[in-house]
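Let us take a walk through the places where chains meet in this assembly. Please keep the structure open beside the text as you read.

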Protein chains: 4
Amino acid sequence: MAIIPEQADAVLQSQPFSRLVGARLTRFEEGMAELSLDARPDLLQQNGFLHGGVVAYAADNALTFAAGTVLGPQVLTASMAITYLRPATAGLRAQATVVSATRSQAVVRCEVYSAAASGEGEVIVASAQGTVLRVERDSAAG
Amino acid sequence: MAIIPEQADAVLQSQPFSRLVGARLTRFEEGMAELSLDARPDLLQQNGFLHGGVVAYAADNALTFAAGTVLGPQVLTASMAITYLRPATAGLRAQATVVSATRSQAVVRCEVYSAAASGEGEVIVASAQGTVLRVERDSAAG
Amino acid sequence: MAIIPEQADAVLQSQPFSRLVGARLTRFEEGMAELSLDARPDLLQQNGFLHGGVVAYAADNALTFAAGTVLGPQVLTASMAITYLRPATAGLRAQATVVSATRSQAVVRCEVYSAAASGEGEVIVASAQGTVLRVERDSAAG
Amino acid sequence: MAIIPEQADAVLQSQPFSRLVGARLTRFEEGMAELSLDARPDLLQQNGFLHGGVVAYAADNALTFAAGTVLGPQVLTASMAITYLRPATAGLRAQATVVSATRSQAVVRCEVYSAAASGEGEVIVASAQGTVLRVERDSAAG
């Protein structure tokens, strides 16, 4: 595999939308990637929770990067199924793990965690599964 | 049903994240809602396409609002499955339609369209399906 | 497109499992397919409803055949998301429609209907979305 | 938790469709369930692989039983997303694990394995995620 963690975070930081929401790659190793972002007032919905769209973004992007650890940097998420388990009241940590991969595609799972409202530890806020394809062209990653 | 289109757009505008990405509610009627947003440099990924997370946000939120037309304003998206069909090179129009609803939940479909790269008409860029729940509490919508 | 309805039903009848559950192809035209099956005691779960696995089979196979109308006979369902809306108390009619297709894959939706318990008309019992791939090899359809 | 493994297998055997396909519960403990079935000529599709509908059945039912270990016996699968990774040429082992549960619902993942075509060990043939609800009424399980 050609990408190293710093290169992977550089790819993330080359995505204007990832910079807009303040995402950073906090782990990147064979078969897994972790994307983190802090809660900010402009990422919320009307009741003070992180917007579901932010949670979906985090899961989607963590899936893509995890697949990149086995498929290389030119990848594209083909589909994702996400289940929202509870509202997130703090920052997110999206941890994605490759379930199975061939040369051309990977199935990846992702759990999204947030700090518990109680202040003690983390709780899972969403669980996702996605399929990521290796692409030849420049339409990759994100 | 109690919500009228202006109220629904006011709910959308009360979501800081929806304002951040510049979303607006362009249709809202019994059983359907449409959310639109313009392409902007800070919504892209590294290859100049709209970030998949923005597409997921648009689908997720359109689903939620469409469900709101039949379940009322206190709703929460429980799960979503999204398939990305092609990269979006322009703004998005996410059109969501209720497939079936009971008093407590709705299954909703959503197609996301973008202007064709050729400049002629629109193309579908993603197709989604979601389940939205009516909630009693203040953890609703988004 | 090369397949005609009789050929398509012949493909279905060449699937031993489709014969086991008594499925038949009741519509097959450009962009859509419909698969029907009757309720039978050995297709039920313990409370007298059709087993969810039978509903999933019907949706999965209808999706695959609908995709076959645009991709040709060598196809394979890559993924499916299904939402169960209510228990089915009678036979099923799974109606699948292609949402979008390229030369190599199709995104297809499917609604599964059953006779209403009241005896008046049909009700929707499940809603699904799937991605179907065109394959070169002999691992196709089902 | 009230159910014990023998009771859980008795529930499975009380499903006529599960008996039709020859499923048996091979593990059942707090937070997980495993359902196994043998390949049989009448469970195949036209190319000699296990029919995708059989794989979907196995995943769906394993999810439901795993949820039952934490929610009790009255449960109903609300939705499932399944990705097919490769054709199954032998019997199936569907292993489901609860990701997160509240009093009223559980999110569950399931991997489906089959003996490798090479004869050495198992390969993963499908990966699924589902949401299972606790129900009050008699419309439960399957």
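Buried area here is the accessible area, taken with a 1.4 Å probe, that two parts lose on being put together, summed over both. The size of an interface is often given in this way. Please bear in mind that the model is predicted.

## Chain D with chain C

With that definition in hand, the area buried between chain D and chain C comes to about 2900 Å², and carbon and sulfur atoms give 57% of it. In chain D, the residues that lose the most area to chain C are F17(D), Q46(D) and H51(D), which together make up 21% of what that side buries. In terms of contact, 40 residues of chain D and 40 residues of chain C take part.

What kinds of polar link cross this interface? There are 16 residue pairs in polar contact between chain D and chain C, counting pairs with both residues at pLDDT 80 or more, and zero salt bridges. Three elements of chain D, namely α2 (16–21), α3 (52–71) and β3 (75–84), each supply at least two residues of the side that touches chain C. The largest share of that side comes from β3(D), with eight residues. Sorted by class, the side of chain D that touches chain C has 21 nonpolar, 15 polar and four charged residues.

The strand β3(D) also pairs across the interface: five bridges join it to strand β3 (residues 75–84) of chain C, and the two run antiparallel. If you would like a place to look, find T83(C), which stands opposite S79(D) in β3(D).

## Chain A with chain B

Now turn to the other pair, chain A and chain B, which bury about 2900 Å² between them, 57% of it on carbon and sulfur atoms. On the chain A side, F17(A), Q46(A) and H51(A) supply 21% of the area buried against chain B, more than any other three residues. The contact draws on 40 residues from chain A and 40 residues from chain B.

Between chain A and chain B there are zero salt bridges, while 16 residue pairs are in polar contact, both residues being at pLDDT 80 or more. The elements α2 (16–21), α3 (52–71) and β3 (75–84) of chain A each bring at least two residues to the side that touches chain B. Of these, β3(A) gives the most, with eight residues. This side of chain A has 21 nonpolar, 15 polar and four charged residues.

Here too a strand pairs across the interface, β3(A) with strand β3 (residues 75–84) of chain B, in the antiparallel sense and over five bridges. Within this pairing, M80(A) stands opposite I82(B) in β3(B).

## How the copies are related

Two copies of a chain are related by a rotation about an axis and a shift along it. The table gives the values for each pair.

| Chains | Turn | Shift along the axis | RMSD |
|---|---|---|---|
| Chain A on chain B | 180 degrees | 0.0 Å | 0.0 Å |
| Chain D on chain C | 180 degrees | 0.0 Å | 0.0 Å |

In chain D, the C-alpha nearest the axis belongs to A81(D), 2.0 Å from it. Chain A can be laid on chain B by a turn of 180 degrees, and these two copies are thus related as by a two-fold rotation axis. Among the residues of chain A, A81(A) comes closest to the rotation axis, its C-alpha lying at 2.0 Å.

Why do chain A and chain B meet through the same surface? Of the interface residues of chain A, 100% are also interface residues in chain B, so the copies meet through the same surface. For chain D, 100% of the interface residues are also interface residues in chain C, so these copies too meet through the same surface.

## Inside single chains

Where, then, do salt bridges appear? Side chains of opposite charge can pair when their charged atoms come close. The structure holds 24 salt bridges over all chains. One of them joins the side chains of R24(A) and D38(A), at 3.4 Å from N to O. This pair links distant parts of the chain, 14 residues apart: R24(A) lies in strand β1 (residues 24–29) of chain A, and D38(A) in the loop between β2 (32–37) and α3 of chain A.

In chain D, strand β1 (residues 24–29) and strand β2 (residues 32–37) run antiparallel and are joined by five bridges. R27(D) has E34(D) in β2(D) as its bridge partner. The two strands form a hairpin with two residues between them, and G31(D) in the turn has a positive phi of about 85 degrees.

Terms used. Residues numbered from 1 in each chain as written. Chains lettered and ligands numbered in written order. Predicted model: local features only at pLDDT ≥ 70, side-chain atom pairs only at ≥ 80, totals over all residues. Heavy atoms only, no water. Contact = heavy atoms within 4.5 Å. Salt bridge = Lys/Arg side-chain N within 4 Å of Asp/Glu carboxyl O. Polar contact = N/O pair within 3.5 Å; in protein donor to acceptor, adjacent residues only side chain to side chain. Helix = DSSP H or I, 4+ residues; strand = E, 2+ residues; numbered from the N terminus. Nonpolar A, V, L, I, M, F, W, Y, C, P; charged D, E, K, R; others polar. Pairing = 2+ DSSP bridges. Least-squares fit on C-alpha atoms with pLDDT ≥ 70 in both.
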